[in-house]
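This report looks at internal space, cysteines and a surface patch. The structure comes next.

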Amino acid sequence: MGNWVVNHWLSVLVLATWLGLNVFLFVHAFLLYEKADKYYYTREILGSALAWARASARCLNFNSMLILFPMCRNLLSFLRGTCSFCRCSLRKQLDHNLTFHKLVAYMICLHTAIHIIAHLFNFERYSRSRQATDGSFASVLSSLFQEEEGVSWLNPIKSPNTTVTYVTFTSIPGLTGVIITIALVLMVTSATEFIRRNYFEVFWYTHHIFIIYFIGLGIHGIGGIVRGQTEESMKENHPHRCAESFEKWNDHNSHCKPPRFEGNPAESWKWILAPVVLYIFERILRFYRSQQPVVITKVVMHPSKVLELQMNKRGFSMEVGQYIFVNCPSISYLEWHPFTLTSSPEEDFFSIHIRAVGDWTENLLRTFEQQHSPVPRIQVDGPFGTVSTDVFHYEVAVLVGAGIGVTPFASILKSIWYKFRHADHSLKTQTIYFYWICREIGAFAWFNDLLASLEQEMEDLGKVGFLNYRLFLTGWDSNIAGHAALNFDKATDILTGLKHKTFFGRPMWDNEFCTIATTHPKSVVGVFLCGPQALAKSLRKCCHQYSSLDPRKVQFFFNKENF
């Protein structure tokens with residue numbers, strides 16, 4: 001069985017385990033509240049809506065416990081780079097951290113909807129039974145021990161004149177429920193692809209409402225609106241023995257005394273305490289690192305509104321393909337944006353390339369363009385690991401960058417250049433295929449010098465076939481194409497100055513993968529992408545299609561950058 005199949009089924013196993021735990025917790029809680037004698041009298045008022053509300057609450061707690069773990073970036077980097085048991089297939093599961101985070105969020109939304117709908121039925125039945133004057137079982141239960149208010153009530157609506165709205169906004173469970181629901185809606189709606197790409201600041205600020213969500217969730221159960229019969233009361237009034245004679249409970253001669261009730265203790269805080277403490281420790285560590293001074297050694301303005309910053313920071317150590325979070329206090333004290341490192345570990349500085357694609361990045365470029373102003377202060381947190389750190393584990397690597405998505409591969413290509421310069425024989429990778437897809441000609445200027453240096457270095461060392469790169473221009477017109485055609489016979493490309501010619505349009509991935517599979521019939525090929533989801537879908541499909549069922553033959557592994 002091919003390794004990609006192993007990874008696929010391991011991902012399926014992780015997903016199935018998570019779903020299985022959700023189903024188990026839901027069914028277990030549902031049966032408990034639907035069958036347990038302790039909640040017999042509660043069910044007489046609420047019916048099955050009680051079990052639906054409590055089962056969904058159990059799953060809500062479970063998934064709220066999980067949702068912070070994928071965002072503990074230092075923990076993931078530690079597992080990725082340190083723990084031996086996280087190598088290969090197990091380690092690749094860490095690359096799905098954001099996907100898992102989203103799946104858990106969707107599950108939280110699902111159970112939130114179930115929980116809210118169930119409690120709407122519950123409150124309607126609480127209200128109806130409290131207002132009833134027909135002497136029904138539900139009305140008798142609702143009026144129990146009202147003279148001893150707060151001691152042993154079953155119905156939280158204490159008076160027939162009390163409205164559901166009043167109870168909702170004056171009780172701790174009701175008010176916190178409203179608050180965490182609003183927080184959840186804001187976080188989920190602002191995390192859509194459109195908002196994140198076009199209004200990142202909105203996403204960034206609203207996502208930090210998670211603090212309110214977890215505080216509200218932790219105290220949501222205080223107040224004990226959901227109540228069950230006490231153990232002592234069940235000895236005096238067991239439902240199986242006394243429920244049918246409820247009219248005689250207050251008779252002195254009756255062997256069944258009126259039941260007494262108690263609220264369930266708050267449980268949510270027990271589920272979320274450990275991950276919240278871990279996440280607080282994570283943020284403290286990140287805050288401490290971000291306060292270390294950063295020295296900007298060089299600022300370069302590239303074409304197509306791209307800013308390059310070269311920096312130094314005491315104790316900073318990186319690997320290829322890693323990324324950092326950057327903050328500029330003069331623009332915003334709270335906003336931190338991720339950028340892939342474009343420098344290599346062999347260099348005595350670290351660098352990033354920032355393209356102006358939003359308010360924050362445009363303000364940053366504008367700040368650095370002001371030549372007479374002092375260089376703004378920059379704070380850096382990281383670095384953190386990504387899938388690209390595994391690139392040298394493969395015999396053959398296929399690197400695909402779309403636009404500014406080329407940045408992680410710039411780090412990789414620079415590192416390769418240094419490894420060849422210093423005759424590093426530990427390099428496992430034998431061949432690299434590099435595809436760079438851009439809309440504008442000027443974008444190729446960002447790393448022209450790097451590609452030219454690599455071309456020359458490979459030629460001098462007699463390793464011309466080591467680096468095979470293709471540059472694709474998608475935003476072109478007939479004038480550009482005609483100019484390139486007229487100068488096609490020249491030794492260097494008229495658009496980039498490189499020896500390899502620029503292609504117009506997009507790669508034919510089936511042809512490219514077929515060629516690679518034919519050239520390397522027994523190799524393990526790592527395919528790395530930093531680009532849009534549509535391109536990821538195409539590359540993932542090709543990886544599956546062109547991987548051999550025979551594990552001894554060519555295998556393609558798909559890896560996508562996620563921040």
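A cavity is a set of points, on a 1 Å grid over the protein atoms alone, where a 1.4 Å probe fits but cannot get out. Its volume is the space filled by probe spheres set on the points, which are joined across faces, edges and corners. This is a predicted model: local features need pLDDT of at least 70, side-chain atom pairs count only at pLDDT 80 or more, and totals for chains, interfaces and linings use all residues. Residues are numbered from 1 along each chain as its sequence is written, and side-chain values use heavy atoms, with hydrogens and water left out.

**Cavities.** The structure holds two cavities of 30 Å³ or more. The largest has a volume of about 140 Å³. Its lining (residues with an atom within 4 Å of a point) counts 16 residues, and Arg 80, Asn 97, Tyr 323, Gly 385 and Asn 562 lie nearest the centre. Helix 4 (73-81) and helix 6 (97-131) each give two or more residues to this lining. Helix 4 gives the most, four residues. Helices are DSSP runs (H or I, at least four residues), numbered from the N terminus.

**Cysteines.** How many disulfides does a search of the whole structure find? Zero. A disulfide needs two cysteine sulfur atoms within 2.5 Å. Cys 438 and Cys 530 are too far apart for a bond. Both are buried (under 20% relative accessible area, 1.4 Å probe, protein chains only).

| Cysteine | Closest cysteine sulfur | Relative accessible area |
|---|---|---|
| Cys 438 | Cys 530, 12 Å | 1% |
| Cys 530 | Cys 438, 12 Å | 10% |

**Helix 12.** Ile 211 is found in helix 12. At 45% relative accessibility, Ile 211 counts as partly exposed, between the buried limit of 20% and the exposed limit of 50%.

Note on methods. 1 Å grid on protein atoms, 1.4 Å probe; cavity = no way out; pocket = protein on both sides within 12 Å on 5 of 7 lines; lining within 4 Å.
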